[in-house]
Amino acid sequence: NMADQHKIPQATAKRLPLYYRFLNNLHIQGKSRVSSKELSDAVKVDSATIRRDFSYFGALGKKGYGYNVEYLLGFFRKTLDQDELTNIALIGVGNLGTAFLHYNFTKNNNTKIQMAFDADPNKIGGSIDDVPIYSIDELEDKLKDVQVAILTVPVSVAQSIADRLVNCGVTGILNFTPARITVPDGIRVHHIDLAVELQSLVYFMKHYPLETLE
Ligand code: ATP
């Protein structure tokens, strides 16, 4: 369980899924070792950071050999709880929500959107890629054994829906609305505002151009 790995800094923990995905692909291709340079080029993290990250979980690369892919994968699987399925609900089957239902999250790890909710009668009762869409009025009845919710509703209803989700036992919310939602202690909210990310990218490109080698 990642929460138990108190020794791993948060910044390192955040990069684990990235490492995991790349190493899993290498493993599928039958590769048994990887150099920190290769890893660095693939995940776009500098190799000093990678070496420091990996040292936290006892993976010390050998000079001229690199890292053992199998060992690292075994560690990541345990750490990221790959063997335990996390049930996810998606709230708001609009354009973004629909895209997430089509997107196959299970490809690289064990997270699965089990159900979706919406307020639109034209969407309720249907399903997208085998994920049933229920009425938001039924949230309290249907939401069982769901730990994580993806929030893709209009900003105006984000807070009230977040409150209801927390009451239903949801402990993690991936918030795609621009709303800054307030939750009780112990509930984790990760906020992804695509518009802000895009603006920030453009701003950085303009004001902090990256130096190119040569
Ligand atoms: P669309 O074009 O399908 O409306 P959108 O992403 O532009 O997509 P939004 O207005 O952001 O639309 O709404 C996202 C989704 O959230 C819609 O499917 C809408 O029906 C749904 N929705 C709106 N209010 C609620 C609510 N109170 N509870 C659950 N879902 C809601």
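**Group meeting talk: a seven-stranded sheet and its ligand**

Hi everyone, let's start with the sheet: 7 strands form an open sheet, the pairing is mixed, and the order reads 5-6-4-3-7-8-9. At the edges sit strand 5 (127-128) and strand 9 (188-191), each of which pairs on one side only. Please keep in mind throughout that this is a predicted model.

Let me step back for a moment to the whole chain. The protein chain has 8 helices and 9 strands. Of its 214 residues, 22% count as buried. If you take the contacts in the chain with a separation of 6 or more, residues 24 or more positions apart account for 55% of them. The chain is divided into domain 1, residues 2-79, and domain 2, residues 86-196. Taken over C-alpha atoms, the centres of domain 1 and domain 2 are separated by 30 Å.

Now back to the sheet, pair by pair. Strand 3, residues 86-91, and strand 7, residues 148-151, pair in the parallel sense over 4 bridges. Within that pairing, Ala89 stands opposite Ala149 in strand 7, and Leu90 stands opposite Ile150 in strand 7.

Moving along, strand 7 also pairs with strand 8, residues 172-175, again in the parallel sense and over 4 bridges. Here Ala149 turns up once more, with Ile173 in strand 8 as its bridge partner. So if you have Ala149 on your screen, you can look from Ala89 across to Ile173.

On the other side of the order, strand 4 and strand 6, residues 131-135, pair in the parallel sense over 3 bridges. The bridge partner of Phe117 in strand 6 is Tyr134.

And where does the antiparallel part come in? Strand 5 and strand 6 pair in the antiparallel sense, over 2 bridges. Ser127 has Pro132 in strand 6 as its bridge partner. These two strands form a hairpin with 2 residues between them, and Asp129 in the turn has a positive phi of about 50°.

Let me stay with Asp129, as backbone angles are something many of you will want to check. Its phi is positive although Asp129 is not a glycine. Is Asp129 buried or exposed? With 10 other C-beta atoms within 10 Å, Asp129 is exposed, the cut-off for that being 12 or fewer.

There is another such residue to look at, Lys44. The phi of Lys44 is near 60°, a positive value in a residue other than glycine. You will find Lys44 in the loop between helix 2 (36-43) and helix 3 (47-56). Lys44 has 7 C-beta neighbours inside 10 Å and therefore counts as exposed.

For a contrast, take Phe176, in the loop between strand 8 and strand 9. Phe176 has 22 C-beta neighbours inside 10 Å, so this residue counts as buried; the cut-off there is 20 or more. Which residues does Phe176 touch, leaving aside its neighbours within four places in sequence? The contacts are Leu96, Ile150, Leu151, Thr152 and Ile192. We have already met Ile150, opposite Leu90 in the sheet. If you want a ruler across the model, the C-alpha atoms of Phe176 and Glu70, which are 106 residues apart along the chain, are separated by 35 Å.

On to the ligand. How many residues surround the ligand? There are 18, and the closest are Gly92, Gly94, Ala119, Asp120 and Ile136. The elements giving two or more residues to this shell are helix 5 (95-102), strand 4 (111-118) and helix 7 (155-167). The largest share, 3 residues, comes from helix 5. By character, the shell residues divide into 10 nonpolar, 5 polar and 3 charged.

Last stop, helix 8, residues 194-207. Why would 20 Å be the expected span for its 14 residues? The reckoning uses 1.5 Å a residue, and the end C-alpha atoms are indeed 20 Å apart, which agrees. Of those 14 residues the number buried is 0, so helix 8 lies largely in the open.

That brings me to the end. Thanks for listening, and I'm happy to go back to any part of the model with you.

Key: Residues numbered from 1 in each chain as written. Predicted model: local features only at pLDDT ≥ 70, side-chain atom pairs only at ≥ 80, totals over all residues. Near = placed C-beta within 6 Å. Nonpolar A, V, L, I, M, F, W, Y, C, P; charged D, E, K, R; others polar. Domains from an automatic or database assignment. Expected span 1.5 Å × (residues − 1). Pairing = 2+ DSSP bridges. Contact = placed C-beta atoms within 7 Å.
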